[in-house]
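Subject: Structure for you to look through

Dear colleague,

Here is the structure that I promised to pass on, with my notes underneath. Please open it alongside the text and follow the residues as they come up.

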Amino acid sequence: MISVERLEEILNRFDKVKIAVVGDMMLDEYLIGKVNRISPEAPVPVVNIEEERFVPGGASNVANNLRSLDGKVSVYGVIGKDDNGEKFLKELSLKKIDSSTIVKDETRPTIIKSRVLSQGQQLLRLDWEKDTDISKDIQDKIIKNLEENIEKIDAILLSDYNKGVLTKYLSEKIINIAKKHNKKIVVDPKPQNFKNYKGATSMTPNRKEILDYFGMKKFESEEEIAQKMKELKEELELENVVLTRSEEGISLFEKEHKRIPTVAREVYDVTGAGDTFISTFLLAVSAGADLYEAGVIANMASGIVVGKIGTATATRKEIIEFYHNKMEKENY
């Protein structure tokens, strides 16, 4: 187990790390109220809305997680020229996330996902989005923005929600830029786009994503998991693969397979847990942690956010508290 002294040493470097997040930017809207009756028009609950709040979603939730951990963050992606786009930029500004490199596209709406909640339960979700590939012109603007700022960046995080931003062309260009300037580049992928990320530093698929990529329904053994992670690493020329396995914890593959058990206290909502994991993982690696240390720290951060409702984040203080309350007591 990582010592508390080593944990604090790594966490204390987070505020020196500068991360560029590239991917599908979204705005999450939460409409929260009470249900007292059923509609006379249809057998559905009537929600009396008492609160509306907005949270950065998609790739910008990754950025939000990085900021919550005190990393310095800039975002590269696309929003629409619309009211929701302005709300999105306002939320980033409030969280001190640099949005100066965001591109506005008048042909696409800002992606927004509206969730209706009552008594801690999600009743309905409404999505407004256009998921076709962004134009070549918009892709080139993102590339230009990244190239102009690359010397100010310590690492790049590609957050793929398969909404049309991380095309094959854009992904390959960004990986080439990162390698040219010796920057780490970590990818949270979608199975249909795995091959777009050949040559990245790390990839962090979840269990379902890696199964889908290999056309499998399930893993039969730990040996099979290790073999598929090795195949993915070699096929895509990655330095390592980090597999998130939900209640089964984490698997790491660099030169050999290593396991990290799950550390969640209670699971209320897994929304955004993957974003928390990759954010914490990349910050830890950029702050000098080795692969195992980064996996342990990111696993703790994920264990914190699944105990919260909605799109949530973890803080450095919460990670230290979690370590003392969970890891030490249970001898992880």
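I will begin with one pair of residues: aspartate 28 has as its bridge partner lysine 113 in β7. Before going further, please keep in mind that this is a predicted model, in which local features need pLDDT of at least 70 and side-chain atom pairs count only at pLDDT 80 or more, while totals for chains, interfaces and linings use all residues. Residues are numbered from 1 along each chain as its sequence is written, and side-chain values use heavy atoms, with hydrogens and water left out.

The four-stranded sheet

β2 and β7 run parallel to each other and pair over eight bridges; here helices (H or I, at least four residues) and strands (E, at least two) are DSSP runs numbered from the N terminus, and two strands pair if DSSP finds at least two bridges between them. They belong to an open sheet of four strands with mixed pairing, in the order β3-β2-β7-β8. Because β3 (45-58) and β8 (121-128) stand at the edges with a single partner strand each, one side of each has no neighbour in the sheet. On average, and with direction ignored, neighbouring strands of this sheet are turned by 20° against each other (axes are lines fitted to C-alpha atoms, for helices over the stretch in contact, and angles run from 0 to 180 degrees between N-to-C directions).

Strand β7 (residues 111-118) pairs with β8 in the antiparallel sense over seven bridges, and serine 114 stands opposite leucine 126 in β8, while serine 118 has glutamine 121 as its bridge partner there. The two strands form a hairpin with two residues between them, and glutamine 119 in the turn has a positive phi of about 55°. Eight of the eight residues of β7 are buried, so this strand is largely enclosed by the rest of the structure; buried means under 20% relative accessible area, exposed over 50%, and partly exposed in between (1.4 Å probe, protein chains only). Its two faces are both covered, with Ile111, Lys113, Arg115 and Leu117 on one side and Ile112, Ser114, Val116 and Ser118 on the other.

Two helices lie across this sheet: α2 (residues 59-68) crosses β2 (25-38) and β3, at about 75° to β3, and α3 (residues 83-94) crosses β2, β3 and β7, at about 100° to β2.

The eight-stranded sheet and helix α8

A further open sheet has eight strands in the order β4-β1-β9-β10-β11-β12-β13-β14, again with mixed pairing. Its edge strands are β4 (72-76) and β14 (257-260), each of which pairs on one side only. β13 (residues 250-253) and β14 are antiparallel and share four bridges, with serine 251 opposite arginine 259 in β14.

Helix α8 lies across β1 (18-23), β9 (155-159), β10, β11, β12 (240-244) and β13, running at about 170° to β10. Twelve of the 14 residues of α8 are buried, including Phe277, Phe281 and Leu282. After α8 comes glycine 288, whose phi is positive, near 105°.

The cores

The largest nonpolar core has 60 residues, and among those with the most contacts inside it are Leu7, Ile19, Phe281 and Ile319; such a core is a set of buried Ala, Val, Leu, Ile, Met, Phe, Trp, Tyr and Cys residues joined through side-chain atoms within 4.5 Å. Helix α9 (residues 291-305) gives the largest share of this core, nine residues. A second, separate core of 41 residues includes Ile177, Ile185, Phe214 and Met229.

Two buried polar residues

Threonine 201 sits in the loop between β10 (184-188) and β11 (202-203) and counts as buried at 9% relative accessibility. Not counting residues up to four places away in sequence, threonine 201 touches Lys183, Lys184, Ile185, Leu238, Glu239 and Asn240, where contact means heavy atoms within 4.5 Å. Glutamate 209, in helix α6 (residues 207-213), is likewise buried, with a relative accessible area of 9%. Leaving aside neighbours within four places in sequence, glutamate 209 is in contact with Pro189, Lys190, Pro191 and Phe194.

With best wishes
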